[in-house]
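Hi,

Here is the structure I said I would pass on. Have a look at it first, and my notes on pockets and cysteines follow underneath.

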Amino acid sequence: HEKKLLGLVTKMGSLEHGIKEHLQRNFSTATSVFRSILVNDPDNSLASHHMSRSLFNTGKKEESLTILERLTAKHHYPEAWASLGHVRRESGDLKGSEDAFEKALELIPAFSEAHMGAGVTLLAQANADKALRHFNKCLALCPGNSDASANAALCLHMLRRYDEAKSAFRRILELDPRNAFVQRQFAKLLIETGEIQESINIQKGICQHFPGLPDAWAELASTLEISNRLDECGEVLSEAATRFPSNPIILYEIAKLDRRKGRISKALAGLTSIDPSLIPPHLKHWFFYELGMTMDLSGDFPGAYRSFSESNLYA
């Protein structure tokens with residue numbers, strides 16, 4: 001009995017050591033600790049689960065996925081189902097991710113992290129209505145979850161419930177005024193509601209306080225461009241190009257400004273120098289639309305047609 005108890009204490013000590021290494025982001029060390037536990041105790045589901053998480057964080061998604069699918073097939077283990085949901089989503093399997101989170105919630109309906117994960121997966125599928133229900137359930141369980149609050153506000157925006165979305169973003173920013181993600185989303189909402197100057201003020205503040213965010217500079221430039229403040233847009237892009245000379249989104253905004261100013265050949269050269277695979281998904285249809293516009297102006301009508309078709313596919 002004493003030997004068994006000593007073995008249990010040793011295993012728990014090793015498990016705690018592995019979890020501590022994981023929390024300190026020493027993922028490779030954590031993986032080694034969990035592997036050593038599993039050599040002597042291959043059915044230790046806790047060690048398997050935590051090892052899958054460490055493997056995922058070292059970029060070994062396939063091995064992490066294999067462990068989680070084996071683990072969830074054998075055990076009623078809601079935390080493992082939730083982890084499987086995360087890994088499937090990051091691997092591009094959105095439907096599989098949704099199913100995994102739903103399974104976790106069948107086992108524990110009040111599992112706030114699974115509600116959060118399900119909401120993020122549904123939001124990635126543009127199912128804002130269903131995602132919002134999960135974020136609201138998460139907030140009912142954990143009222144202080146700032147990520148759930150931000151994503152709930154984003155859902156309200158996507159559902160065009162503008163007044164509710166504005167109130168939600170303002171509440172978050174009252175508690176966390178330097179939250180760059182929420183500021184950026186709020187600025188986008190204000191453009192849609194026609195409050196352009198307030199949006200520009202917010203975007204300028206983001207660039208001032210977070211100068212290392214190229215997307216923020218691109219968003220400010222884009223807002224100035226659609227407001228026909230082309231000289232100001234050029235000044236912003238000049239500074240952004242100095243900071244991020246090869247960033248594809250900045251290069252795209254520069255090409256767009258060149259086209260607006262009638263520099264068609266320069267705009268076309270800029271756009272064709274960009275690798276489209278480096279353009280984020282939410283901008284891909286705009287990128288190909290801009291390329292089609294510029295090709296059309298340069299007289300390349302077949303190229304313009306192909307680009308517009310590509311834009312429609314992404315849209």
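**Pockets and cysteines**

Seven nonpolar, nine polar and six charged residues make up the lining of the second largest pocket. Keep in mind that this is a predicted model. That pocket holds about 560 Å³ of space, and of its 22 lining residues, Arg53, Ala82, Ser83, His86 and Glu113 lie nearest the centre. Helix H3 (45–57), helix H5 (78–90) and H7 each give two or more residues to this lining, with H5 giving the most, at seven residues.

Now for the largest pocket, which has about 1600 Å³ of space. Its lining counts 35 residues, and those nearest the centre are Lys188, His282, Leu283, His285 and Trp286. By class, the lining of the largest pocket splits into 17 nonpolar, seven polar and eleven charged residues. Several helices supply at least two residues each to it, among them helix H7 (112–124), helix H11 (180–192) and helix H17 (281–298). H9 (146–158), H13 (214–226) and H15 (248–260) do so as well.

On to the cysteines: how many disulfides does the structure hold? Zero. The sulfur of Cys207 has its closest cysteine sulfur in Cys233, 12 Å away, so the two are too far apart for a bond; the cut-off for a disulfide is 2.5 Å. Both residues are out of the way of the surface probe: Cys207 is buried, with a relative accessible area of 6%, and Cys233 is buried too, at 1%.

Cheers

Conventions. Residues numbered from 1 in each chain as written. Predicted model: local features only at pLDDT ≥ 70, side-chain atom pairs only at ≥ 80, totals over all residues. Heavy atoms only, no water. Buried < 20%, exposed > 50% of the residue type's maximum accessible area, 1.4 Å probe, protein only. 1 Å grid on protein atoms, 1.4 Å probe; cavity = no way out; pocket = protein on both sides within 12 Å on 5 of 7 lines; lining within 4 Å. Points joined across faces, edges and corners; volume = space filled by probe spheres on them. Helix = DSSP H or I, 4+ residues; strand = E, 2+ residues; numbered from the N terminus. Nonpolar A, V, L, I, M, F, W, Y, C, P; charged D, E, K, R; others polar.
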